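Biologist: Before I plan anything at the bench, I would like to go through this model with you, one question at a time. Could you put it up so that we can both see it?

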Amino acid sequence: DFAAIRHVSGGQSLIGLKSYDQRRRAFEGTAKHVVWCDEEPPQDIYSECLLRTATVDGIIFTTFTPLQGATDVIRSFIDKAEHRV
């Protein structure tokens, strides 16, 4: 579930792979600089990912089609966009 990637700079990055069926507990742990959700995550997992990136000013990428309509995750994006106007 992890891979170490060596940089040309001599440094290294760790990539961790998780599945939503592992539930929120699997996403608990240390800070993450980048999280990429390639399908819409359940709200509790998305919230956990936000926590993992908060302390290091990280970023979350999400790439999905909202097949379930306006879920809580989708509404959180809409609400933030409406407050910026």
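What follows is a short exchange about the fold, the surface and the core of this predicted model.

Biologist: In what order do the helices and strands follow one another along the sequence?

Modeller: In this predicted model, the protein is made up of two helices and four strands. Reading along the sequence places these elements in the pattern β-β-β-α-β-α.

Biologist: What share of the residues counts as buried?

Modeller: The C-alpha atoms fill a box of roughly 45 × 30 × 20 Å along the principal axes, and the protein exposes about 6700 Å², with carbon and sulfur atoms supplying 55% of that area. Buried here stands for under 20% relative accessible area. Of the 85 residues, the share that meets this cut-off is 19%.

Biologist: Which element gives the most residues to the largest nonpolar core?

Modeller: That core has nine residues, namely A26, F27, V35, C37, I45, Y46, C49, I60 and V73. Strand 3 (34-37) and helix 1 (43-54) each supply at least two of them. The element that gives the most, with three residues, is helix 1.

Biologist: Which residues is I60 in contact with, leaving aside its neighbours within four places in sequence?

Modeller: I60 is itself a member of the largest nonpolar core, and contact here stands for heavy atoms within 4.5 Å. With the neighbours within four places in sequence left aside, the partners of I60 are V35, C37, Y46, C49, L50 and T53.

Biologist: How far apart do the centres of the positive and negative side chains lie?

Modeller: The protein has 10 positive and 12 negative side chains. The distance between the centres of these two sets is 6 Å.

Notes. Residues are numbered from 1 along each chain as its sequence is written. This is a predicted model: local features need pLDDT of at least 70, side-chain atom pairs count only at pLDDT 80 or more; totals for chains, interfaces and linings use all residues. Side-chain values use heavy atoms; hydrogens and water are left out. Buried means under 20% relative accessible area, exposed over 50%, partly exposed in between (1.4 Å probe, protein chains only). Accessible areas come from the Shrake-Rupley method with a 1.4 Å probe; for residues, only the protein chains shown count as cover. Lys and Arg count as positive and Asp and Glu as negative; His and the chain ends are not counted. The place of a charge is taken as NZ of Lys, CZ of Arg, CG of Asp or CD of Glu. A nonpolar core is a set of buried Ala, Val, Leu, Ile, Met, Phe, Trp, Tyr and Cys residues joined through side-chain atoms within 4.5 Å.
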